[in-house]
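With the model open in your viewer, please follow the stops below in order, making each selection before reading on.

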Amino acid sequence: MEKKIFTVNGMKCEHCKANVESAIKSLSGVASAAASLDDKSVTVEYDASAVGPEAIKGAVDASGRYELEL
């Protein structure tokens with residue numbers, strides 16, 4: 001398992017935070033996702049053999065007005 005912290009632009013409220021977490025958790029191979037409004041980031045624990053940062057970025061970017069930085 002890998003654990004990475006990504007910056008997420010566009011998160012402004014609890015609803016945004018929940019959307020970002022839900023989008024990431026829907027990916028196969030993701031064990032956990034915890035977003036922080038204070039840091040404008042999300043910490044993701046995932047199986048690198050099943051999912052990678054590009055897929056995580058794609059899920060977040062497609063979930064609303066958010067953009068995950070790699």
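Begin with the whole chain and its contact map: of the contacts with a separation of 6 or more, 57% are made by residues 24 or more positions apart. This is a predicted model, and in a cartoon view the protein shows two helices and four strands, which follow one another from the N terminus in the order β-α-β-β-α-β. The radius of gyration is 11 Å, close to the 11 Å that the globule rule gives for 70 residues, so the protein is as compact as a globular protein of that length. If you draw a box along the principal axes, the C-alpha atoms fill roughly 30 × 20 × 20 Å. Switching to a surface, you are looking at about 4,000 Å² of exposed area, of which carbon and sulfur atoms supply 46%, while buried residues make up 33% of the 70 residues.

Next, select helix α1, residues 14-25. At 1.5 Å a residue, its twelve residues should span 16 Å, and the C-alpha atoms at its two ends are indeed 16 Å apart, which agrees. Now show the side chains of Cys16, Val20, Glu21, Ala23 and Ile24, which are buried in α1. These residues cover an arc of only 160° around the axis, and this puts them on the same side of the helix. Which elements do the buried residues of α1 pack against? Bring up β1 (2-9), β2 (30-36), β3 (41-46) and α2 (53-62), for these are the packing partners. Then turn to the face of α1 that points away from its buried side, where the exposed residues Glu14 and His15 are carried.

From the helix, move into the interior. In soluble globular proteins, nonpolar side chains tend to be buried together. Here the largest nonpolar core has 17 residues, and the members that touch the most others are Val8, Val20, Ile24, Val42, Val44 and Ile56. Colouring this core by element shows that β1, α1, β2, β3 and α2 each supply at least two of its residues. Centre the view on Ile56 and, leaving out residues up to four places away in sequence, display what it touches: Phe6, Ile24, Leu27, Val44, Tyr46, Val51 and Leu68.

Select Ser41 next, in strand β3. Is Ser41 buried or exposed? Its relative accessible area is 8%, so Ser41 counts as buried. Beyond residues up to four places away in sequence, Ser41 touches Ile5, Phe6, Thr7, Val8, Met11, Ala34, Ala35 and Ser36.

Step to Lys40, which is found in the loop between β2 and β3. With a relative accessible area of 35%, Lys40 is partly exposed. Its backbone deserves a look as well, since most residues other than glycine have a negative phi. For Lys40, a residue other than glycine, phi is positive, near 55°.

Finish at Lys4, whose place is in strand β1. Lys4 has 36% relative accessibility and so counts as partly exposed. Once residues up to four places away in sequence are set aside, Lys4 touches Val42, Thr43, Val44, Tyr46 and Pro53. As a last step, draw a distance from Lys4 to Ser49: the two are 45 residues apart in sequence, and their C-alpha atoms lie 15 Å apart in space.

How values were computed
Residues are numbered from 1 along each chain as its sequence is written. This is a predicted model: local features need pLDDT of at least 70, side-chain atom pairs count only at pLDDT 80 or more; totals for chains, interfaces and linings use all residues. Side-chain values use heavy atoms; hydrogens and water are left out. The expected span of a helix is 1.5 Å times one less than its number of residues. Buried means under 20% relative accessible area, exposed over 50%, partly exposed in between (1.4 Å probe, protein chains only). The arc is that of the directions from the helix axis to the C-beta atoms. Contact means heavy atoms within 4.5 Å. The radius of gyration is taken over C-alpha atoms; the globule rule is 2.2 Å times the number of residues to the power 0.38. Accessible areas come from the Shrake-Rupley method with a 1.4 Å probe; for residues, only the protein chains shown count as cover. A nonpolar core is a set of buried Ala, Val, Leu, Ile, Met, Phe, Trp, Tyr and Cys residues joined through side-chain atoms within 4.5 Å.
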